[in-house]
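Hi,

Here is the model I said I would pass on. Have a look at it first, and my notes follow below.

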Amino acid sequence: GAVAIGSGLGNLKKLQQITMSWNGTQVGDAGAVAIGSGLEKLKQLQQIMMYFERTQVGDAGAVAIGSGLGNLKKLQQITMSWNGTQVGDAGAVAIGSGLEKLKQLQQIMMYFERTQVGDAGAVAIGS
């Protein structure tokens, strides 16, 4: 499922907006890694809304998503919800690192309720 979708994302070169909701599914790190890999190829993307609530995604998946985000130089708006996942500080730090490369970004909405993110992860997202 998510691995196949992630693999196909890279072919959508003109895509400007994407919304994905994986809430309550069995998506794990492998799916999130594939999605991150696909995302990094979408150079025209301006808006992302992704929801991974109550999934099996952990740090490895969040790190891949964060890495992919850093390549989206035209991104202006991002909404991501990691509520109820296994994401911790390493994943949040990677997402923060990706976000700081996005100079066109105008709006960020991030949700990390009921995760393993602590102070280090929160600081990385907020800086």
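Let me start with helix α3, whose buried residues are Gly61, Ala62, Ala64, Ile65, Gly66, Gly68 and Leu69. Their cover includes α2 (29-39), β2, β3 and α4. Keep in mind throughout that this is a predicted model.

The α3 contact with α4 is worth a look in your viewer. The two axes come within 7 Å and cross at roughly 5°. With that angle, α3 counts as roughly parallel to α4. On the α3 side the contact uses Asp59, Ala62, Val63, Gly66 and Leu69, and on the α4 side Asp89, Ala90, Gly91, Ala94, Ile95, Gly98 and Leu99. Sorted by class, the α3-α4 contact has 7 nonpolar, 3 polar and 2 charged residues.

If you want one residue to zoom in on here, try Gly91, which sits in helix α4. Is Gly91 buried or exposed? Gly91 is buried, because its relative accessible area is 0%, and the cut-off for buried is under 20%. Leaving aside residues up to four places away in sequence, Gly91 touches Asp59, Ala62 and Val63. Those three are also on the α3 side of the helix contact described above. As for α5, the C-alpha atoms of Gly91 and Ala124 are separated by 10.0 Å, with their positions 33 residues apart along the chain.

That brings me to the other helix pair. α4 packs with helix α5 (residues 119-126) at an angle of about 10°, and the axes are 8 Å apart. So α4 is roughly parallel to α5 as well. Here Asp89, Ala92, Val93, Ile95 and Gly96 of α4 meet Asp119, Ala120, Gly121, Ala124 and Ile125 of α5. The α4-α5 contact has 6 nonpolar, 2 polar and 2 charged residues by class. Asp89 and Ile95 turn up in the α4 lists for both the α3 contact and the α5 contact.

Now the sheet. It is open, with 4 strands in the order β1-β2-β3-β4 and parallel pairing. Which strands are at the edges? They are β1 (17-21) and β4, each of which pairs on one side only. From one strand to the next, the twist averages 5°.

Going through the pairs in order:

- β1 and β2 pair in the parallel sense over 5 bridges, and Ile18 stands opposite Ile48 in β2.
- β2 (residues 47-51) and β3 are also parallel, over 5 bridges. Ile48 has Ile78 as its bridge partner in β3, and Tyr51 has Ser81.
- β3 and β4 (residues 107-111) pair in the parallel sense over 5 bridges too. Ile78 stands opposite Ile108 in β4, while the partner of Gln77 in β4 is Gln107.

If you follow the isoleucines, you can step across the sheet: Ile18 is opposite Ile48, Ile48 is partnered with Ile78, and Ile78 is opposite Ile108.

How covered are the inner strands? β2 is mostly covered, with 4 of its 5 residues buried. For β3 (residues 77-81), 4 of the 5 residues are buried, so this strand is largely enclosed by the rest of the structure. Both β2 and β3 are also among the elements that cover the buried residues of α3.

Last, the connections. β1, α2 and β2 make a right-handed β-α-β unit. As noted, β2 and β3 pair over 5 bridges; the chain gets from β2 to β3 through helix α3 (residues 59-69), and this β-α-β crossover is right-handed. From β3 the chain passes through helix α4 (residues 89-99) to reach β4, in another β-α-β crossover that is right-handed.

For a first pass in the viewer, I would start at Gly91, buried at 0% relative accessible area, and then move on to β3, which is largely enclosed by the rest of the structure.

Cheers

Methods. Residues are numbered from 1 along each chain as its sequence is written. This is a predicted model: local features need pLDDT of at least 70, side-chain atom pairs count only at pLDDT 80 or more; totals for chains, interfaces and linings use all residues. Side-chain values use heavy atoms; hydrogens and water are left out. Buried means under 20% relative accessible area, exposed over 50%, partly exposed in between (1.4 Å probe, protein chains only). Helices (H or I, at least four residues) and strands (E, at least two) are DSSP runs, numbered from the N terminus. Two strands pair if DSSP finds at least two bridges between them. A crossover is right-handed if, with the strands pointing away from the viewer, the path from the first strand over the helix to the second runs clockwise. Axes are lines fitted to C-alpha atoms, for helices over the stretch in contact, and angles run from 0 to 180 degrees between N-to-C directions. Angles under 35 degrees count as roughly parallel, over 145 as roughly antiparallel, 65 to 115 as roughly perpendicular and the rest as oblique. Contact means heavy atoms within 4.5 Å. Ala, Val, Leu, Ile, Met, Phe, Trp, Tyr, Cys and Pro count as nonpolar, Asp, Glu, Lys and Arg as charged, and the others, Gly among them, as polar.
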